[in-house]
Amino acid sequence: MNTPGDEGPMYLDEGASAAAERTFEALPAARGRAFAQSWWGQAWLKALEDTALDGAQVKLGRRHARAGAVGAVSVRPGRITAVVQDPDHTRHRSDVLLQQLSAADWDRFLDMVADRAGHIAALLDRDMPPVLVEDAAAAGIELLPGIGDLEPECSCGAWDHCAHSTALCYQLARLLDQDPFVLLLMRGRGERELLDEVQARSASRAELPAGGAAAEPSGAGVPAAEAYAARDILPPLPAAPPPVAAPGAPPVLGGGTPPAPGVEVAALEFLIGDAAARAQRLLAEALSTGHPDSPPPPVPAPGQDAVRLAAAGPGAAISARLAAGSGRDARGLASAVRAWELGGAAGLAVLEEEWTPEPEALARATGRLAAAWEDEETRPRLRVTRNRWTVVGGAAQLRYGRDGRWWPYRREGGQWVPAGPATDDPAGALAGVSAEE
């Protein structure tokens, strides 16, 4: 399909810079796969689903996108455009508008990126880490759209999001997965222009004061951002330590001297081996490219750490001690280990916590669940108890996590046990459990 010429206003802000238009070829049908794999692609779709007033149009647009009805997608500052074809072969030009950043917003954003090498490296890797978006938000810059930010225009005459603009949004989520610069282009800066400006700002920060003499040192030291900006004129840093291929073998503690009362040698050897494995993993993470911009992981509570240790398969005797120490029986520990293996601390929290979503989150979750089944006759009957949706008369259950994802469960021996990893698709999660019954 060929995209018609530009129509309507460009939705430009005063002071926004021009950026080259990019056109992406039509993508193949997306049957049997999620439209967004990246977290920022999912955030884009959430803005669409929260904005659209007609859930039926959202569902129909998703069908159009799955069937490959969206033609080549044109992306330029403030607007995306494509021709979308109905099943009867009628074609409609559809546009979705997104407000561009102002010149002042771009100044703050570019300064922020220039001051943080990790942000530049992430963008060059076609990644948009949460810390970049969080830092931008702290500077008053919203990169990702929110409710009402995606404004539709379509030749079909609809005033709200229709099936055509919805299909275009779903298709763009796939493009965002591949390249977050697509979002930045919509906000007003093309990739080459953005990187050139960041490079220029980084270079200006590396310039020494007049005369070539460094400023007098102060007791407060030098900010890390300034030191990094001057990297080209400073002596090179020492080489990073080499990675460790495998943790060392734990010592054998058995000997002629009996252990102190209450000390189990096998358990102590297991803990030493676990500490060595964690140290090797932490070193590998510290040497990775994105480590400086990654927030430190939360420290697990004792009950969580007992499950983490049990997941390593320490043997029946040590597992029994871990179960008793964390207030679980053997069966409860087995379920907790399964939850940990599927989702870490978040998976364990879904297993053990029962909570009531806020009314807005509950309504949104219920709406997404209802929209997941295209045929109402095949939609299962569900009984809702706080954050848990149970199939009436069945052995399948969905649990809604605090992160907005769905966790499948099934009933075994009178208890609910984890049945798979979390997903954004409630119908798919439930179908997987139901197929095992």
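## Buried charges, a five-stranded sheet and its helices

Both Asp95 and Arg79 are buried, and yet the two form a salt bridge, with their closest N and O atoms 3.0 Å apart. Keep in mind that you're looking at a predicted model. Below, we start with that pair and its partners, then move on to the strands around them, and finish with a sheet and some helices further along the chain.

**Salt bridges**

- A search through the whole structure turns up 19 salt bridges.
- The Asp95–Arg79 pair ties together distant parts of the chain: Asp95 sits in strand S4 (residues 91–97) and Arg79 in strand S3 (residues 79–85), 16 residues apart.
- Asp95 has another partner too, as Arg93 forms a salt bridge with it, the closest N and O atoms being 2.8 Å apart.
- Why do we call Asp95 buried? Its relative accessibility is 3%, and the word buried applies under 20%.
- Arg93 counts as buried as well, because its relative accessibility is 6%.
- Elsewhere, Arg189 forms a salt bridge with Glu197, and here the closest N and O atoms are 3.3 Å apart.
- Arg189 is buried, with a relative accessible area of 7%, while Glu197 comes out as partly exposed at 22%.
- Which residues do shared salt-bridge partners join into one network? They are Arg79, Arg93, Asp95 and Glu153.

**Strands S4 and S5**

- Glu153, from that network, belongs to strand S5 (residues 151–154), where the side chains alternate.
- On one face of S5 you'll find Pro152 and Cys154, which are buried; Glu151 and Glu153 point to the other face and are not buried.
- S5 pairs with S4 in the antiparallel sense, over four bridges.
- Within that pairing, Val96 stands opposite Pro152 of S5.

**Arg76 and its contacts**

- Arg76 lies in strand S2 (residues 73–76).
- Is Arg76 buried or exposed? With a relative accessible area of 5%, Arg76 is buried.
- The Arg76 side chain makes a polar contact of 3.2 Å with the side chain of Ser74.
- Another polar contact, of 3.4 Å, links the side chains of Arg76 and Thr81.
- Arg76 and Leu97 are 21 residues apart along the chain, and their C-alpha atoms are separated by 9.9 Å.

**The five-stranded sheet**

- Further along the chain there's an open sheet of five strands, in the order S6-S7-S8-S9-S10, with antiparallel pairing.
- Which strands stand at the edges? Those are S6 (382–385) and S10 (415–418); each has a single partner strand, so one side of each is left without a neighbour in the sheet.
- On average, neighbouring strands of this sheet are turned by 30° against each other, direction ignored.
- Strands S7 (residues 388–391) and S8 (residues 396–400) run antiparallel and are joined by three bridges.
- If you want to find a bridge yourself, look at Trp389, whose bridge partner in S8 is Leu398.

**Helices across the sheet**

- Helix H13 (residues 330–352) lies across S7, S8, S9 (406–412) and S10, and runs at about 170° to S9.
- Helix H14 (residues 359–371) lies across S6, S7, S8 and S9, and runs at about 30° to S7.

**Helix H12 and what surrounds it**

- Which residues are buried in helix H12 (residues 316–325)? Ile318, Leu322 and Ala323 are.
- These buried residues cover an arc of only 140° around the axis, so they are on the same side of H12.
- There's a handy general rule here: an α-helix has 3.6 residues a turn, so residues three or four places apart point the same way.
- Turned away from the buried side, the other face of H12 carries the exposed residues Ala316, Ala317 and Ala324.
- Helix H10 (265–286), helix H11 (302–310) and H13 are among the parts that cover the buried residues of H12.
- After H12 comes Gly327, which has a positive phi, near 75°.
- One residue to look up in H10 is Asp274, which is buried, with a relative accessible area of 14%.
- Leaving out residues up to four places away in sequence, Asp274 touches Arg308 and Leu309.

Key:
Residues are numbered from 1 along each chain as its sequence is written. This is a predicted model: local features need pLDDT of at least 70, side-chain atom pairs count only at pLDDT 80 or more; totals for chains, interfaces and linings use all residues. Side-chain values use heavy atoms; hydrogens and water are left out. Two strands pair if DSSP finds at least two bridges between them. Helices (H or I, at least four residues) and strands (E, at least two) are DSSP runs, numbered from the N terminus. Axes are lines fitted to C-alpha atoms, for helices over the stretch in contact, and angles run from 0 to 180 degrees between N-to-C directions. Contact means heavy atoms within 4.5 Å. A salt bridge is a side-chain nitrogen of Lys or Arg within 4 Å of a carboxyl oxygen of Asp or Glu. Buried means under 20% relative accessible area, exposed over 50%, partly exposed in between (1.4 Å probe, protein chains only). The arc is that of the directions from the helix axis to the C-beta atoms. A polar contact is a pair of N or O atoms within 3.5 Å; within protein, one must be able to donate a hydrogen and the other to accept it, and residues adjacent in sequence count only if both atoms are side-chain atoms.
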